[in-house]
Structure formats: C-alpha cells, structure tokens
Amino acid sequence: PRSSLSYIHCREVLINLENEMYEMLLTYQWKFNTAAVRAEIKGKADAIMDKYVRDNGLYAYQNVMDESNNTSEIIDAQIGVIDSYVEIVKGLSIIVNNISILRTGTISSSGFSAQ
C-alpha cells in the first residue's frame, strides 16, 4: 500500500521534524506538568511546525498538549504527552500535460489569451 512514507522526501521531513521536536522537548525534562508549561511547549512546537510550513515541508499541522491528552493518570505517572498531526507536502513525481488540437480561430474567438 502507498502512503506518505512511500516517498523519501516525506520521510526526510518527518525525520528532521522529529529531531527538532526531540531537542526542544529535552529542555523540558523534569519540569512540572502544569497548564503553563504545556502551553509553553505547545507554543514552541507550533513555532517549529510553522518553519516547516514556510519552507514547504508541511501543508498544515496541529499540536495538542492540554488536559485532553494529559489526564490526571498521565500526570501522576510523571509523563507529558504532545500529539502532533501533520499534512506533508507532496512532490510532482508525475506531471501530465494535456494538449488539445482546435480548429483555426477557436482560441482567439473564445476568449483564451494567446502567449
């Protein structure tokens, strides 16, 4: 089956993204799992993802790090969870060029612009 992981450029984006997120998250190890710290982590994760959007590696993303995925049980276990959802930009591996043959005068009479 084909997926985004079938394409090397998609894997490269994910590897680089994972490495950047890992480096950022390491700075929060042993901090307290509070709403303020979670918001700070999410803000930094959003900044990393924004860079990938600007560099055309991602179409869109969503980071979630709040009480929905950091329940009391998770916090009591000394764990912090950030869920990241990404849409990776796809390449032009196949390009289709459709050429149509028209009668003489069809383009100029139909409003198409000649180049």
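**Exercise 1.** Find which side chain forms a polar contact with the side chain of Asn69, and state whether Asn69 is buried or exposed.

*Solution.* Step 1: the side chains of Asn69 and Asn70 are joined by a polar contact of 3.1 Å. Such a contact is a pair of N or O atoms within 3.5 Å; within protein, one must be able to donate a hydrogen and the other to accept it, and residues adjacent in sequence count only if both atoms are side-chain atoms. This is a predicted model, where local features need pLDDT of at least 70, side-chain atom pairs count only at pLDDT 80 or more, and totals for chains, interfaces and linings use all residues. Residues are numbered from 1 along each chain as its sequence is written, and side-chain values use heavy atoms, with hydrogens and water left out.

Step 2: Asn69 has 10% relative accessibility, so Asn69 counts as buried (under 20% relative accessible area; exposed is over 50%, partly exposed in between, with a 1.4 Å probe and protein chains only).

**Exercise 2.** Locate Trp30 and Gln78, and state the sign of phi in each.

*Solution.* Step 1: Trp30 sits in the loop between helix H1 (8-26) and helix H2 (35-54). Helices (H or I, at least four residues) and strands (E, at least two) are DSSP runs, numbered from the N terminus. Gln78 is placed in the loop between H3 and E2.

Step 2: phi is positive in Trp30, about 75°, and in Gln78, about 65°. Neither Trp30 nor Gln78 is a glycine. Most residues other than glycine have a negative phi.

Step 3: Trp30 counts as exposed at 74% relative accessibility, and Gln78 counts as exposed at 67%.
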